[in-house]
Structures are given as structure tokens and as C-alpha cells.
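User: I'd like a close look at one part of this model, with enough of the surroundings to place it. Please keep it relaxed, but give me the cut-offs as you go.

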Amino acid sequence: MADTTTQTGTVEHIDPQSLVIEANVRPSAPLTAAFVQSVRENGVLTPVLARRDEQGNVLVRAGQRRTLAAREAAVTTIPVYIVDADEATAERIIQQMVENDQREALTDGARAAAFQQLAFEGMSVTAIAKRTGTKLKEVKTALVVAENATAASAIHEHLLTLDQAAVLIEFDDDAEARAQLIDVATHDPAQFAHAAQRARDDRARAKVKADTEADLTARGFEILDRDRGYYETDYTRLSELVTAEGEQATVEHIENAEGRAAFVRVYITGNADVTYYLRDPKAAGFRKATGSGSTSGPMTDEQKAERRTLIANNKAWASAEVVRREWITTLLSRKTLPKDAAAVIATGLTLHRQAVSLATRDGNTLAHELLSIERGGYWEADKLAAVVEQTPAKAQHVALAVVLGAVENVTSKQTWRHPSPTDRAYFTQLAAWGYGLSEVEQIVTTVTDAATSDYAEDYDGGDEE
């Protein structure tokens, strides 16, 4: 057997149609449209490895995908590195394995930097995408990342993906949020989308809270750092007070009162709720209403901890809902649905029949949203049937959207508190399709009814922050 460890050869430019492909360790050489287009645009840049047999045929040993793509792209010649080798099976397999194993794909950081250099050279985004066989959106994202110092540094230092680095740009002014997102990306990347959405929602609620507090401060209210219980005496809730004439005290009554204060909470919906207080009601001319107040004492530490968990999980659920529905929208936009889509549709029409019936009666607005179709008016017929009529190949997509939209329509924060068998089946199916369940969604698939917390009944934190 020839010693190929130090062999040298020659490079020849040969018509790929005339090449013979040897048996390969790869059982198949799948070609993508992007790869073929890249070869059509740029040719084969790296020579394929080949040998010449006794009859003069050139046999490709490594580079079958490049050869097949060149044929499909109608490239006239490709570079071929021809070495002196025989047909020994062991040597062929070793060379093919080494040739594949030694490849190392560019990191997203390196790709972003390369795209930036091409842009500096005057290439347009469209030209870069075409010449490199990259999606236009990916090139645009890469350039945005490369031009942001924080994101560009993070993508190289922590080997983030382009999409992850792009999210960091949203939090340019929040070092703590960026650090948390980087930690999730590097240690638990499946949870990154959920962490990012929670950070967005937290930021939005924080802005509402800050804006509301700024308005109250401008009106002379002291801002309290926490809500006061009925058993506390340093401040008295406005709802417990009446005027000297016995009229229920309102915000208008205390706009100019000394010692006026307020506590602001923000609900998951983004709405602010203000609880008003007076530090010394008597001095301000108010008195407590008869029968106001509560005899119950403060919550225990255990009750407080349970309440904090409830509120945190309610927030997490709202954020996860955004991520989950975006993921489903992407799933339904694919040309090919999961292989078991038909079975899931059938199961949905039986196991989830009540949810489907309810949603269908109301026009299944969510199904339209998941398919990115604008819903008509209440009295208008839904537009789902029109999609099937215009594009029959989309019938299964529409049917699946109807089922998924219906089930999503009946999910809420109660789902994680009291998951039913149908809830578990639904979220288990999403996970099987590749959706990364958030921690609060994992409760639905792992916790039994008996194990769900009773505090959800006793301490309903609602949507509060």
C-alpha cells in the first residue's frame, strides 16, 4: 500500500462531469440550494482530493459534495488535487475521515467580522449574501453585531450566536441584564429566548413604574418602597379614610395634604396600580371609616416566600407565552411540518375538542395570528378557509394552526398552577418538536395535580409585580 502520509501531488482543473466518485464514508452527500448557489457564484475554492487509476480515470476520494454541487451548478472545471494512491480501502477511509474531521466551521463572531470587512470593501448587503450563500437577514444581523462594540466583544469572548449577540444590543444601557443573558447563553442556551423575553418584560414594567413614580413625585407624593399592610400604623391607606363629613376619601382630597404618599405596583399586563396613603390622617383632617382595617396579622416568612414564588412564576409565564407563540409561528411558517403533524391534529380535534370548539365559535383569532394572517371583523368570515382554497398545499398548516391556536387560547397562569392531563400532553408535544420549555412551563409537564402548590389558592398574587 502506498504511503500517503508524506505524498505530494499536482493540481489539475478538470470537468466535474468526467470525475468518478469513490465509495465514501458519508452514506450520502445532501446538497442544499445555498451550497449549489455558492459554487455557481464562486466556483470550487478548495481542491477536491483524487487519484488516477490504471485506466486514467480520476477518482474523487474527498470532496464528493463539492463535485456534485459543481455538476449541478454547471461549472465547467474545478481544481483537483491528484495524488499517487491506490484503491486500498483502509487508506481511503482514513483519508476521508481525517479530511472531514479536520474541518472547523467559522464561528458566528468570525463570520460577522468577515461580513464587516466585505462591507468595508464596498460590497452591499445583497451582494455579500449572494456571494457567500448566506440569508440576507443573517448578513444584516451580523453587520449590526459587528458595529456594536459590546455585542462584537461578547460574540468573540463567549462564542455567542449572532442572534444572541444581537439581543445584547437591546440592553446596551443595562450591564446587569447583559451579564445575566451571557451567563444563560453560555451555560443553558436552550433558555436564552425565555431569559431575553423576561428581561424585556422586566424593563418595560420598570419603565412604567419609573414614569408613574416620577409623575407622583412631581405632584408632591412620597414614594414608598413597599405596600403597607392593614396592621401597620406608620401610614394609613386612603381606602380606610373618610373626610370630616364622612365622605369616602379620594386622591383629589389629598392632592395638597401633608404626608401624602403612594406605592406603585405594575401588573403583568403593563398597567400601573397606585395605592395611596397618608402619614398622619388626623392632622390632615381625615379619620378612619367605621369598621375599616383588618384584624389579621402579617404573613409568615413561609407565606411571603410562597407569594414571591407565585408572583415570579406568573411573570415568567407571561414572558414564556410570548416566546412560545413566536416559536409556533415559526413552526407554521416552515414548508414542511413535523412528520406527526397529522396525528397531532387528530388528537387536537379529540383530546382538545372543547378548546377547539370554543375557539372556532369565536373565529379562532389566535390561529390567524400564528399564520400571520390579519383577522377580519367580528361579522366577517374567517380567512383560514381562503388560505386553503388559494393554496391547497397549506391545508395541513391551517388545520394545525386551528388546533394549536385553540389550545393556546385556553392556557393561562392557571396552567402552571393546576396543570391538567391535556395541558401536559400539549406542552410535552411542543417539547418533542424542539421547543425549549421554560422553567415555569416545565412545571406543567413534571408536576402532578397533587403536588401543585396550595398557595396558588391562598395567595393569588394576580398579575402584580
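In the hairpin of β9 and β10, which residue takes a positive phi, and how many residues are between the strands?

Analyst: It's Gly270, with a positive phi near 95 degrees, and the hairpin has five residues between its strands. Before going on, some ground rules: this is a predicted model, local features need pLDDT of at least 70, side-chain atom pairs count only at pLDDT 80 or more, and totals for chains, interfaces and linings use all residues. Residues are numbered from 1 along each chain as its sequence is written, and side-chain values use heavy atoms, with hydrogens and water left out.

Now the two arms of the hairpin. Strands here are DSSP E runs of at least two residues, helices are H or I runs of at least four, and both are numbered from the N terminus. β9 and β10 run antiparallel and are joined by seven bridges; two strands count as paired once DSSP finds at least two bridges between them. Across that pairing, Ala262 sits opposite Tyr276 of β10.

How enclosed is β9? Seven of its seven residues are buried, so the strand is largely enclosed by the rest of the structure. (Buried means under 20% relative accessible area, exposed means over 50%, and partly exposed is in between, using a 1.4 Å probe and protein chains only.) Arg260, Ala262, Val264 and Val266 point one way from β9, Ala261, Phe263 and Arg265 point the other way, and all are buried. That includes two arginines, Arg260 and Arg265, one in each set.

Zooming out, the hairpin belongs to an open sheet of four strands with mixed pairing, in the order β6-β9-β10-β7. β6 (222–223) and β7 (236–237) are the edges: each has a single partner strand, so one side of each lacks a neighbour in the sheet. On its β6 side, β9 (260–266) pairs in the parallel sense over two bridges, with Ala261 of β9 standing opposite Glu222. Helix α10 (192–218) packs on this sheet, touching β6, β9 and β10 (272–278), and its direction makes about 165 degrees with that of β9. Contact, for that packing, means heavy atoms within 4.5 Å; the angle is taken between N-to-C directions on a scale from 0 to 180 degrees, with axes fitted to C-alpha atoms, for helices over the stretch in contact.

Back to that positive phi. Most residues other than glycine have a negative phi, and most peptide bonds are trans. With that in mind, here are some non-glycine cases elsewhere in the chain. Ala74 has a positive phi of about 60 degrees and lies in the loop between α2 (64–72) and β5. Ala74 is exposed, with a relative accessible area of 60%. Asn364 has a phi near 45 degrees and sits in the loop between α14 (353–361) and α15 (365–370). Unlike Ala74, which is exposed, Asn364 counts as buried at 5% relative accessibility. Leu159, just after α7, takes a positive phi of about 55 degrees.

For contrast with your β hairpin, there is another sheet: an open one of five strands, ordered β1-β5-β3-β4-β2, again with mixed pairing. Its edge strands are β1 (9–14) and β2 (20–21), each pairing on one side only. Inside that sheet, β3 (48–52) and β5 (78–83) pair in the parallel sense over four bridges, and Leu49 has Tyr81 of β5 as its bridge partner.

One last thing is how far to trust the model. pLDDT is the predictor's confidence in each residue, from 0 to 100. The chain averages 86, and 86% of the residues score at least 70. pLDDT stays under 50 over residues 1–5, for which the model has nine contacts beyond four places in sequence. Residues 450–463 also stay under 50, with 35 such contacts in the model.
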